[in-house]
Amino acid sequence: MTRMVASLSALLLSIVLLISGNAFLMTLLGIRLSIESVSPDVIGWVLVCYSVGFVLGTLYVHQIIGSVGHIRAFSAFAAIAAVVSLMYPMAISMVFWACLRVLSGFSIAAVLVVIESWFSSRASNSNRGALFAVYQIVFYLSAAGGQLIVNVGDPSNFMPYSLAAILLALALVPLALTRMEAPIIEQVQRISFFTLARESFTGVSGAVTSGVLIGGFYALGPVYATLMGLDVAKTSTFMASAIVAAMLLAWPLGRLCDRFDRRRVMFWVALCAALAAVGVSFTGAANLWLLTLLVGGFTGLSAMVYPISVAITNDRMESTRIVAASATLLLSYGVGSVVGPVVMAELINLMGPKGLFIGNAGFLLVLAVITSLRITYTEDVAVEDQEHYVPAMPETSVVLTEMDPRNTEFQESPEVEGKNEEPLG
């Protein structure tokens with residue numbers, strides 16, 4: 001396993017640079033718009049355009065990659081993402097920035113598809129579970145580190161945008177120099193939204209709700225912190241702490257998902273996250289430690305809604321349909337991530353900063369009610385019949401879901417079967 005991770009070192013470096021640069025830029029833009037005194041509802045409409053672009057990218061980028069190849073597609077879209085970063089300080093126009101966010105979302109989706117397809121091509125049936133975990137740990141740590149980079153300069157200056165562009169551009173270097181054969185990316189089939197909802201309404205509801213919560217928080221969390229009077233340094237720490245909390249809670253809550261009925265775990269996670277959100281809405285910035293603790297509890301629990309939704313859905317799926325179901329759940333999450341920033345921004349505009357967390361609490365309570373009703377009126381899957389819980393992240397492409405250890409249709413690439421351990425780069 002150590003040898004395998006070492007052989008992926010260049011690929012992991014690309015992931016670190018890409019995710020940290022993108023996370024840094026997302027927080028930077030929220031802070032900059034707040035500094036410019038842009039109305040929260042307008043900020044929501046601008047920043048949600050990233051999610052729109054990302055969803056479109058996951059749907060259509062396979063066709064582009066199939067036409068021009070992995071290296072060309074990766075280089076082109078990484079370059080676009082870097083150029084877009086440099087264009088933000090050129091004009092503070094909401095329409096202009098909205099268009100840039102769509103381009104950025106589409107480009108990041110395209111780059112992730114290429115990176116994750118290479119990552120998946122190095123997996124075998126004996127190591128894909130471990131590689132799946134390595135990818136997620138690197139992703140979370142990179143996203144948290146990206147938040148801390150916000151401290152490097154004044155968000156009103158061009159320099160932070162240039163730094164984001166540098167990180168995004170450097171991400172293409174390791175893969176551009178790779179000697180690996182480009183893996184084949186097949187278009188993944190999806191189960192229709194309504195068909196999946198009939199089979200696992202709780203799972204689909206959880207995926208949509210997760211998109212609302214995570215999309216709304218990462219878009220408007222910096223806006224909330226700025227409105228609460230936190231400076232740039234405290235805002236970056238605030239956002240980084242939220243991401244680290246999500247990573248730390250993944251393991252203990254995952255253990256609970258393997259020991260108890262998952263819909264009941266979902267109910268209590270949603271309820272506790274709602275209580276944490278209500279607590280945040282009544283906590284001021286004067287008590288920063290308590291505020292950070294409550295926000296960490298909210299984000300950590302909210303981040304678990306999506307993987308629990310995937311687990312609940314997979315328990316009701318044949319193993320041959322897991323990837324197709326996961327693709328539909330990712331799309332459901334994407335729909336929620338488009339709704340979240342818009343709705344939460346309107347609530348902030350109406351109620352002030354606390355509107356972000358009051359709105360989140362409302363969505364979580366609705367999810368808790370839905371889950372409770374499904375527990376009451378539909379049959380449970382016996383705990384001993386549940387699939388082994390595997391953490392799943394929504395901020396990825398559907399390519400990575402093929403590595404899910406529960407997917408019995410996973411096929412090793414010829415390169416892995418041939419034990420080719422040639423390092424990337």
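This passage describes the fold, cores and selected residue environments of a predicted single-chain model.

The model is a prediction in which local features require a pLDDT of at least 70 and side-chain atom pairs count only at pLDDT 80 or more, while totals for chains, interfaces and linings use all residues. Residues are numbered from 1 along each chain as its sequence is written, and side-chain values use heavy atoms, with hydrogens and water left out.

The mean pLDDT (the predictor's confidence in each residue, from 0 to 100) of the chain is 81, and 82% of the residues score at least 70. Among the elements of the chain, H15 has the highest mean pLDDT, 93, and helix H16 (residues 414-417) the lowest, 47. The pLDDT is below 50 over residues 416-425, a stretch that nevertheless has 25 contacts in the model beyond near neighbours in sequence. Contact here denotes heavy atoms within 4.5 Å.

The chain contains 16 helices and zero strands. These elements are DSSP runs numbered from the N terminus, with helices being H or I runs of at least four residues and strands E runs of at least two. Of the 425 residues, 57% count as buried. Buried means under 20% relative accessible area, exposed over 50%, and partly exposed in between, with a 1.4 Å probe and protein chains only. The accessible surface of the chain comes to about 16500 Å², and 67% of this area belongs to carbon and sulfur atoms. Areas were computed by the Shrake-Rupley method with a 1.4 Å probe; for residues, only the protein chains shown count as cover. Among contacts between residues at least 6 apart in sequence, 86% join residues at least 24 apart.

The largest nonpolar core comprises 103 residues, and those with the most contacts inside it are Leu18, Leu220, Phe238 and Phe357. Helix H2 supplies the largest share of this core, 13 residues. A second, separate core has 14 residues, including Ile214, Ala324, Leu330 and Tyr333. A nonpolar core is a set of buried Ala, Val, Leu, Ile, Met, Phe, Trp, Tyr and Cys residues joined through side-chain atoms within 4.5 Å.

The structure holds 14 aromatic pairs. Rings of Phe, Tyr and Trp (its six-membered ring) pair if their centres lie within 6.5 Å; planes under 30 degrees apart count as stacked, over 60 as edge-to-face and the rest as tilted. For Phe298 and Phe357 the ring centres are 5.4 Å apart and the planes stand at 80 degrees, so this pair is edge-to-face. Phe298 belongs to helix H13 (residues 288-314) and Phe357 to helix H15 (residues 355-377), so the pair ties together parts that are 59 residues apart in sequence. Both Phe298 and Phe357 are buried. Together with Phe217, Tyr218, Tyr224 and Phe238, they form one aromatic cluster. Leaving aside neighbours within four places in sequence, the contacts of Phe357 are Phe217, Tyr224, Ala277, Val280, Ser281, Val295 and Phe298.

Ser302 is also located in helix H13. Its relative accessibility is 1%, so Ser302 counts as buried. A polar atom of the Ser302 side chain lies 2.7 Å from the backbone oxygen of Phe298. Beyond residues up to four places away in sequence, Ser302 touches Ser210, Leu213, Ile214, Ala273 and Leu364.

Two further buried residues were examined within helices. Asn22, in helix H2, is buried with a relative accessible area of 7%. With residues up to four places away in sequence not counted, Asn22 touches Tyr50, Ser104, Ile108 and Leu168. Leu253, in helix H11 (residues 232-259), counts as buried at 11% relative accessibility. Outside its neighbours within four places in sequence, Leu253 is in contact with Val269, Leu301 and Met304. The C-alpha atoms of Leu253 and Val269 are separated by 8.9 Å, with the two residues 16 apart along the chain.

Two loop positions were also considered. Ser37 occurs in the loop between helix H2 (9-35) and helix H3 (40-68). Its phi is near 60 degrees, a positive value in a residue other than glycine. Ser37 counts as exposed, at 63% relative accessibility. Gly153 lies in the loop between helix H6 (128-148) and helix H7 (159-170), and counts as buried at 17% relative accessibility. Gly153 touches Met159 and Pro160 when residues up to four places away in sequence are not counted. The C-alpha atoms of Gly153 and Val232 are 9.2 Å apart in space, and these residues are 79 apart in sequence.

Note on methods. A polar contact is a pair of N or O atoms within 3.5 Å; within protein, one must be able to donate a hydrogen and the other to accept it, and residues adjacent in sequence count only if both atoms are side-chain atoms.
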